[in-house]
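Reader: Got a minute to walk me through this one? I'd like to start with the sheet and then look at the empty spaces.

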Amino acid sequence: MTIRAIRNVLVVDGLGRTLPRATVLIKGDRITAVGDARQLGTPRGAIRIDGRGLTLLPGLMDCHVHLCLGGEPDVVQTVQQDDPALTLLKAVRYARQTLEAGFTTVRDVGARDHSIFQLKQAIDSGLLTGPRIAAAGRVICMPNGHAHFIGQEAEGPDAVVAAVQAQVEAGAEVIKFIASGGVLTPGTSPDSAQMTPEELAAGMTAARRAGRRVAAHAHSAQGMKNAIRAGAHSIEHATLMDEEAATLMTAHRAVMVPTLSALATTAGCGLSGGVPEQAVAKAKAMVARHKSSFKLARRAGVAIAMGTDAGVMPHGTNLRELGLMVNIGMTPMESIVATTKIAAQCLGWEDQVGTIEKGKYADIIIASTNPIQDIRSLENNDHIVFVMKDGNPLKNRLKEIPVDLLPGSGYPIDHAGNTRIGQYPG
């Protein structure tokens, strides 16, 4: 079993702490030790990575992506016109781009069909390279409701429960409900609630009984409140939050997944970028209110997990979200915790991933910059020089230091008998 030692590295552990000169030991797919580099020894035969000048973080997590969408000016038209096989092939590429940006886990909260589960299987088996995926499959929406182009339309509590059961049987780990209108779907208003409280309650109860996490798309305050009362674990967007909704979220421990990037991208690209006029108008009308909702959530003590709506904006640009969160009140450390520990809690995977701790999966990234000093430095994917998932390096720009070679292995070896890989050539 392979043992790796990343030594003398600045660790940002996902718990809100930094370890300025640390060693992280990895055996197989797990982290086995984290500690001061001057006190924690390196096992004989371990592959060494010299972390001087680098920053190690938990593998990042995006709680809101759509791998069936590609950030085109009109994503609705594209996904409706593309053959399903082409959509899947594009998703393979988007998954790889997301991983190389430092994201070892994503939650896909809406796909055009069930091929997302085959993509997940192919990645999990090692056939393809990509992040760990928690997939919803098709969203559940009212007839002609928001996101019907990637949805299972249902009307009435019994039909909603049947739709939930269909997603569970297909392999969904999270069930997503559409509780308000949206930006991209023509003819729907973000201010309006969608699906009845009775439908949401029946569907979410069925999902919880099946052991699934529950996500709810909700821009409107009323849609948020309907979804929270019905049992949603997370509220996606939460754009038009009011005080009552914020209080309910805190009381029910519902997580906000803000997706600031999506509105900012849609409003910023505008008509000149080819975005449909109705989508631009709705996005521009909500950008300022979205920022106010984010600030309200923080004041109310709502847990915030990072999510981008990647697919509405290009995959691989996910880390822009951290800078946007910092711009409206988070510290860089808080934005990292939202993208690691809180994101893992949102998925229900906090016992396995999200922090640099003994026993967790070895999902690790290394940056050539210090994101605590400059969070936006992570937006340049070239600064993500190392990505490891399950103990397997899947992106590695670290340069080997020319020292003695271990006979027959190709790995450098120092005079203490430890194999060694050197610093990023910055």
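Author: Sure, we can take the sheet, the pocket, the cavity and a buried residue in turn. One note before we start: this is a predicted model.

Reader: Fine. In what order do the 3 strands of the open sheet come?

Author: The order is 6-7-8, and the pairing is parallel.

Reader: Which are the edge strands?

Author: Strand 6, residues 60-65, and strand 8, residues 132-135. Each of them pairs on one side only.

Reader: What does the twist average?

Author: It averages 15° from one strand to the next.

Reader: How many bridges join strand 6 to strand 7?

Author: There are 4 bridges, and those two strands run parallel. For a register point, take M61, which stands opposite T105 in strand 7.

Reader: And how many bridges between strand 7 and strand 8?

Author: Strand 7, residues 103-108, pairs with strand 8 over 4 bridges, again in the parallel sense. There, R107 has A134 of strand 8 as its bridge partner.

Reader: Why call strand 7 largely enclosed?

Author: Because 6 of its 6 residues are buried, strand 7 is largely enclosed by the rest of the structure.

Reader: Which helix packs on the sheet?

Author: Helix 3, residues 115-124, does. It touches strand 7 and strand 8, and its direction makes about 155° with that of strand 8.

Reader: What unit do strand 7, helix 3 and strand 8 make?

Author: A right-handed β-α-β unit.

Reader: Switching to pockets. How much space lies in the largest pocket?

Author: About 270 Å³.

Reader: Which residues lie nearest its centre?

Author: I123, D124, R132, K389 and D390 do, out of 15 lining residues.

Reader: Which element gives the most to that lining?

Author: Helix 3 again, with 3 residues. Strand 17, residues 392-396, also supplies at least two residues of the lining.

Reader: Now the closed spaces. How many cavities of 30 Å³ or more are there?

Author: The structure holds 2 of them. The largest cavity has about 250 Å³ of space.

Reader: What lines the largest cavity?

Author: It has 20 lining residues, and H146, L184, H237, D309 and V312 lie nearest its centre. Helix 8 contributes the largest share of that lining, 3 residues.

Reader: Tell me about helix 8, then. Why is it largely enclosed?

Author: Helix 8 spans residues 260-269, and 7 of the 10 are buried, so the rest of the structure largely encloses it.

Reader: Which ones are buried?

Author: L260, S261, A262, L263, T265, T266 and A267.

Reader: What do those buried residues pack against?

Author: They pack against helix 9, residues 277-300, and helix 10, residues 320-327.

Reader: And what follows helix 8?

Author: G270 does, and its phi is positive, near 65°.

Reader: Last topic, T87. Where is it found?

Author: T87 is found in helix 2, residues 84-100.

Reader: Buried or exposed?

Author: T87 is buried, because its relative accessible area is 4% and the cut-off for buried is under 20%.

Reader: What is T87 in contact with, leaving aside its neighbours within four places in sequence?

Author: C68, D82 and R112.

Terms used: Residues are numbered from 1 along each chain as its sequence is written. This is a predicted model: local features need pLDDT of at least 70, side-chain atom pairs count only at pLDDT 80 or more; totals for chains, interfaces and linings use all residues. Side-chain values use heavy atoms; hydrogens and water are left out. Two strands pair if DSSP finds at least two bridges between them. Axes are lines fitted to C-alpha atoms, for helices over the stretch in contact, and angles run from 0 to 180 degrees between N-to-C directions. Contact means heavy atoms within 4.5 Å. Buried means under 20% relative accessible area, exposed over 50%, partly exposed in between (1.4 Å probe, protein chains only). A crossover is right-handed if, with the strands pointing away from the viewer, the path from the first strand over the helix to the second runs clockwise. On a 1 Å grid over the protein atoms alone, a cavity is a set of points where a 1.4 Å probe fits but cannot get out, and a pocket is an open set with protein on both sides within 12 Å along at least five of seven lines; lining residues have an atom within 4 Å of a point. Grid points are joined across faces, edges and corners, and a volume is the space filled by probe spheres set on the points.
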